[in-house]
Amino acid sequence: MRNVILILAFVCGSSIFGQSVRDLDEKNGFRDFKFGTGLYLYLSQVERYKEGEFLKNPDITTYKLKNVPTTVWGVKTDRIRLTFFKNVLSYVSIDFGSIYSDFTEDEYNKLLGFLEGLYGDNYYVDTNRKSSNSLILKSSIWDGRNVRLELIRMKYKGSIIGYISIFDKNLNHKMLSSEL
């Protein structure tokens, strides 16, 4: 009987205090930006962002915040981008580092520690993956049922940059499928 009580106390305690990717699904976005909400809610806060747009579909538009916080979780930000599919928020990206200032491994680890505190340590790790014009140095991915969060540090055109991308998996799939 005593063992049963101890097990119940452990399970209840860990569910109350432990964080998981379920919390990612419950938040369903980043700060005040909630997936599935309309562009009209954010028009006063954003301006069109065309630099680097890779999708040519007119149903996909990207905006950047006009007033970007200087830091997110203690790490200097470069920009925050919001991507909409058919005027519905589906993707948020927080960019770190630039051609003028690299995104350091210490900054990556600081964000990683913060994200572990929010969503737990059950995430995928990937390192040294090459794409056509970049090398992913390190990535940590929390994959919820509906929402995915990726923390990436990469070498791109001679600079070390990084980003956190948070997206609604269903909306992102529809958006990318519309490009085919």
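**Ground rules**

Here, buried means under 20% relative accessible area, exposed means over 50%, and partly exposed is in between (1.4 Å probe, protein chains only). By that yardstick, both Phe103 and Tyr108 are buried.

Keep in mind that this is a predicted model, in which local features need pLDDT of at least 70, side-chain atom pairs count only at pLDDT 80 or more, and totals for chains, interfaces and linings use all residues. Residues are numbered from 1 along each chain as its sequence is written, and side-chain values use heavy atoms, with hydrogens and water left out.

**Aromatic pairs**

A pair of aromatic rings is described by the distance of the centres and the angle of the planes. Rings of Phe, Tyr and Trp (its six-membered ring) pair up if their centres lie within 6.5 Å; planes under 30 degrees apart are called stacked, over 60 edge-to-face, and the rest tilted. Searching the whole structure turns up nine aromatic pairs. One of them joins Tyr63 and Phe84 edge-to-face, at 5.7 Å centre to centre with 85 degrees between the planes. This pair links distant parts of the chain: Tyr63 is in strand β4 (residues 60-65) and Phe84 in strand β7 (residues 79-85), 21 residues apart. For the record, helices (H or I, at least four residues) and strands (E, at least two) are DSSP runs, numbered from the N terminus. Tyr63 and Phe84 are both buried.

Phe103 and Tyr108 also make an edge-to-face pair, with 6.5 Å centre to centre and 65 degrees between the planes.

**Around Tyr63**

Tyr63 has further company: ring pairs join Phe33, Tyr42, Tyr63 and Phe84 into a cluster. There's a charge here too, as Arg48 lies over the face of Tyr63, 5.9 Å from the ring centre. That label needs NZ of Lys or CZ of Arg within 6 Å of the ring centre and within 35 degrees of the ring normal.

**Salt bridges**

A salt bridge is a side-chain nitrogen of Lys or Arg within 4 Å of a carboxyl oxygen of Asp or Glu, and the count comes to seven. Take Lys64 and Glu47, whose closest N and O atoms are 3.7 Å apart. Lys64 sits in strand β4 and Glu47 in strand β3 (residues 46-48), so their bridge ties together parts that are 17 residues apart in sequence. Lys64 is partly exposed at 26% relative accessibility, and Glu47 is partly exposed at 36%.

Next up is Asp95 with Arg81, where the closest N and O atoms are 2.9 Å apart. Asp95 belongs to strand β8 (residues 88-96) and Arg81 to strand β7, with their positions 14 residues apart in the chain. Asp95 is buried at 6% relative accessibility, while Arg81, at 22%, is partly exposed. These two also belong to a salt-bridge network of Asp78, Arg79, Arg81 and Asp95.

**Strand to helix**

Asp143 bridges to Lys169, with 2.9 Å between the closest N and O atoms. Since Asp143 lies in strand β11 (residues 134-143) and Lys169 in helix α4 (residues 169-177), the pair ties together parts 26 residues apart in sequence. Asp143 is partly exposed at 28% relative accessibility, and so is Lys169 at 27%.

**A buried serine**

Ser165, in strand β13 (residues 159-168), is buried at 0% relative accessibility. Leaving aside neighbours within four places in sequence, Ser165 is in contact (heavy atoms within 4.5 Å) with Tyr91, Val92, Ser93, Arg148, Leu149 and Glu150.
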